[in-house]
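I opened my notebook to look through a structure with a ligand. Here it is, for anyone who wants to follow along.

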Amino acid sequence: MLPDALPPPDVCCLGLAKTFGSGPTATEALRPLDLTFAAGQTTALLGPSGCGKSTLLRLVAGLEAPSAGHVTIGGNSPAQVCARAGLAMAFQDASLLPWRTVRGNIALALTLARQPADPALVERLIALVGLDGFGDRRPAELSGGMRQRVAIARCLAAEPRLLLLDEPFGAVDELTRLRLNFDLPRLWEKRGTTTILVTHSVTEAVLLSDRVLVFSPRPASVVADIAVSLPRPRNRDVMATPAFRDLVDQASAALWAGSLAGPLAAE
Ligand SMILES: Nc1ncnc2c1ncn2[C@@H]1O[C@H](COP(=O)(O)OP(=O)(O)OP(=O)(O)O)[C@@H](O)[C@H]1O
C-alpha cells in the first residue's frame, strides 16, 4: 500500500521512559511520559539543551528502544510504520549520502519507499527549499544550511504521514528559515501530516505548530502544554499580533520557570 493511502496517525506514548547505561553512570533522559500527538497536528517540543527532546523523537522513530513503556503510531509500532515508509525524520546533522547529488539524495527517499521515480516532484522540492540550480551539486559543495534544506526536501519526498524534525533549521540562515517557516506548514496542512518538531526557537515553535510542549531539564517532563490556535496560513503579519506575542511570552515563561525548578537550578 502506498503511504498516500494511509490516514495521518495519532502518536501515543504510554509510560515512555529512557535511561542510557546502568549503575552509577546511568543517564535518565526521560521520566515515564504519557503523551498523545493528535493526527494531522504539528507539535513543537521546546526545552533546555540535553533535556531529552531528541531522545523522545528517536523513540517515536523506533531508533532507540524504550527502557519502559511503548510508542504506537496509528496503532502500529514504529518499526511497522517505518517498513511502510509512513515516517520520515530530519536530524540536526543532515546525514546525506556524500556521493549522491542533491537530486540523487532526494530521489533516494522515493526508491527506499518503493515509490516510482518522479523527477518533477524532486524539482518542485528543490525549488521549495530554495535550492534551484544546485540539483547537480554534491553535499560537500553545499553550505551546512543548504545541506539541511536537502534533508528537509528528502523527508518530504515520499509524503510520509508522520514527520519528525529535529532542529531541522539550525544551520539555515534567518531569512530562509523564516521563508521555510511560512512555506512548509502549507505543505503539511495540504497532506494532513502529523508533525513533531524539536526547536530551540520559541518564535519558531509558535509559528509552526498547533501545540507547544515545554519540557523541564533532564529527565524531561512536560511543564507546559500550550494550544496554538492562530489562523493559518501564517505569515509575517501574524507575528505582529498580540495573540502571537502572548503565546511566545507563555512559552518563554514556561521554559524559564521549568529551568528554575529543574536540576540546573541547583548548579
Ligand atoms: N546514546 C546515548 N548514550 C548515552 N547518553 C545519551 C545518549 N543519547 C543521549 N544521551 C543523553 O541523554 C540526555 C538527553 O539527550 P537528548 O539528545 O535527548 O537531549 P536534547 O534535549 O535533544 O538536547 P539538545 O537540545 O542539546 O539537542 C543527555 O544527557 C545526553 O547526554
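My entries below cover the ligand shell, a sheet and a helix.

**Entry one: the ligand.** I kept in mind that this is a predicted model. I asked which residues surround the ligand. I found Phe20, Thr27, Ala29, Gly47, Ser49, Gly50, Cys51, Gly52, Lys53, Ser54, Thr55 and Arg218. Sorting that shell by class gave me three nonpolar, seven polar and two charged residues. I then looked up where they sit: strand E2 (27-37) and helix H1 (53-61) each supply at least two of them. H1 gives the largest share, with three residues.

**Entry two: the sheet.** E2 led me on to an open sheet of three strands, ordered E2-E1-E4 and paired antiparallel. E2 and strand E4 (68-73) are the edge strands, each pairing on one side only. Ignoring direction, I get an average turn of 20° between neighbouring strands. Strand E1 (residues 11-20) pairs with E2 over seven bridges, and I noted that Val11 has Phe37 of E2 as its bridge partner. H1 turned up again here: H1 packs on the sheet and touches E1, E2 and E4, with its direction at about 120° to that of E1.

**Entry three: helix H4.** Which residues of H4 (residues 119-128) are buried? My list reads Val122, Leu125 and Ile126. They lie on the same side of H4 because they cover an arc of only 105° around the axis. I checked what covers them, and that includes helix H3 (102-112) and helix H5 (144-157). Last, I looked past the helix: Gly130 follows H4 and has a positive phi, near 70°.

Technical notes: Residues numbered from 1 in each chain as written. Predicted model: local features only at pLDDT ≥ 70, side-chain atom pairs only at ≥ 80, totals over all residues. Near = placed C-beta within 6 Å. Helix = DSSP H or I, 4+ residues; strand = E, 2+ residues; numbered from the N terminus. Nonpolar A, V, L, I, M, F, W, Y, C, P; charged D, E, K, R; others polar. Buried ≥ 20, exposed ≤ 12 C-beta atoms within 10 Å, placed from the backbone. Arc of directions from axis to C-beta. Contact = placed C-beta atoms within 7 Å. Pairing = 2+ DSSP bridges. Axes fitted to C-alpha atoms, helices over the stretch in contact; angles between N-to-C directions.
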